[in-house]
Amino acid sequence: MLSFVFVMIIMAQSSAERIIEVIDEEPTIKDKENPVTEVKDGSIKFENVSFQYSDEQNEDKFALKNINLDIKAGETIGIIGGTGSSKSTLVQLIPRLYDVTKGSIKVGGVDVKNYEIHTLRDAVAMVLQKNVLFSGTIAENLRWGDKEADQEELEEACKLAQADGFIKEFPSKYETVLDQGGTNVSGGQKQRICIARAMLKKPKILILDDSTSAVDTKTDALIRKAFREEIPNTTKIIIAQRVSSIEDADKIIVLNEGKIDGIGTSEELLKTNEIYREVYESQMKGGDEDA
Ligand SMILES: Nc1ncnc2c1ncn2[C@@H]1O[C@H](COP(=O)(O)OP(=O)(O)O)[C@@H](O)[C@H]1O
Ligand SMILES: [Mg+2]
């Protein structure tokens, strides 16, 4: 028994040392002196942006290579590309989850490095495919986006995200308790709650990284319609596997191996971009697949 306890103490000690190492790590992303504390609008500009995850100066290791983008406030941008083409990497640079290796990114005309980090991240809401809901009521989960939001604001955001309807069908409505991991709601319902939660932040830029994958195509279209009509000034960036999710975007970016392979409307890309045309044709042939 004693020797067992002794082993446990040794193990705990090394864990504690590792925790301290993590705590002591200097954050690489820090505020500048006198940072900018207001984001003017949701315009985004990438200028010659290259990015690598590791510090090795190895050209082959760049996840993004020489990206140039000019996105106006309020535009809807679709991003499509194979797994590993750096779609997620590209959008993560906008709220400065990582810093560019070369080049610069401007949001609202200001280099992201010049903002107070909280200001920037409040203005950029990101919804991921694997969103996290915690155990608690739906209302509590939503207020994670804005703890001051009143019931009316919750419902407004949920209507936009096409979540209000199914929430009101639950006997306890917005007070419905989600169990651990939210297993009492479907994948598509979870994704819609997460979109509503992001909406409550009233972001200038809204990024959906494959976050309507479990939503049926019809509801998916209704969400995009609501985006267009209700939040015209918010810049929307939608990463999707389904062409139908991005087809009506103002601009579609086709990424391939960390480079922009094509950029334009769906109509333009069908004429000029082979990757886009292939994906489009393979998905449209069998009719709309409903996930
Ligand atoms: N945190 C990370 N550290 C190192 N490499 C990563 C990290 N995240 C992604 N990568 C690599 O960067 C490339 C692009 O990944 P990602 O942006 O996730 O692609 P996509 O979203 O298009 O599937 C891949 O080669 C991937 O392995
Ligand atoms: Mg991804």
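Which residues surround ligand 1? In this predicted model, ligand 1 is surrounded by Tyr53, Gly82, Thr83, Gly84, Ser85, Ser86, Lys87, Ser88, Thr89 and Tyr98. Polar backbone atoms of three of these residues were examined with respect to the ligand. Gly84 places a polar backbone atom 2.8 Å from an oxygen atom of ligand 1. For Ser86, the separation between a polar backbone atom and an oxygen atom of the ligand is 3.0 Å, and for Ser85 the corresponding value is 3.2 Å.

The analysis of empty space yielded both an open pocket and enclosed cavities. The largest pocket holds about 600 Å³ of space and has a lining of 18 residues. Val124, Ala125, Met126, Trp144 and Lys201 are the lining residues that lie nearest the centre of this pocket. Two or more lining residues are given by each of helix H3 (117–123), strand S6 (124–128) and helix H7 (187–199). Of the elements, S6 gives the most to the lining, with five residues. In character, the lining of the largest pocket comprises 11 nonpolar, two polar and five charged residues.

Two cavities of 30 Å³ or more were counted. About 40 Å³ of space lies in the largest cavity, the lining of which consists of Leu93, Arg96, Tyr98, Asp99, Val100, Ser104, Ile105, Asp111, Val112 and Lys113. Five of these lining residues are nonpolar, one is polar and four are charged. Tyr98 thus appears in the lining of the largest cavity and also among the residues that surround ligand 1.

With regard to the sheet, four strands are arranged in the order S2-S1-S4-S5, forming an open sheet with antiparallel pairing. The edges are occupied by strand S2 (64–71) and strand S5 (110–111); each has a single partner strand, and therefore one side of each lacks a neighbour in the sheet. The partner of S2 is strand S1 (residues 44–51), and the two pair in the antiparallel sense over five bridges. Lys45 stands opposite Asp70 of S2.

Helix H10 (residues 274–285) was assessed by its length. Because its 12 residues, at 1.5 Å a residue, should span 16 Å, the 16 Å separation of its end C-alpha atoms agrees with expectation. At the start of H10, a side-chain oxygen of Asn273 comes to within 3.2 Å of the backbone nitrogen of Ile275.

Terms used:
Residues numbered from 1 in each chain as written. Chains lettered and ligands numbered in written order. Predicted model: local features only at pLDDT ≥ 70, side-chain atom pairs only at ≥ 80, totals over all residues. Heavy atoms only, no water. 1 Å grid on protein atoms, 1.4 Å probe; cavity = no way out; pocket = protein on both sides within 12 Å on 5 of 7 lines; lining within 4 Å. Points joined across faces, edges and corners; volume = space filled by probe spheres on them. Nonpolar A, V, L, I, M, F, W, Y, C, P; charged D, E, K, R; others polar. Expected span 1.5 Å × (residues − 1). Polar contact = N/O pair within 3.5 Å; in protein donor to acceptor, adjacent residues only side chain to side chain. Pairing = 2+ DSSP bridges. Near = heavy atom within 4 Å.
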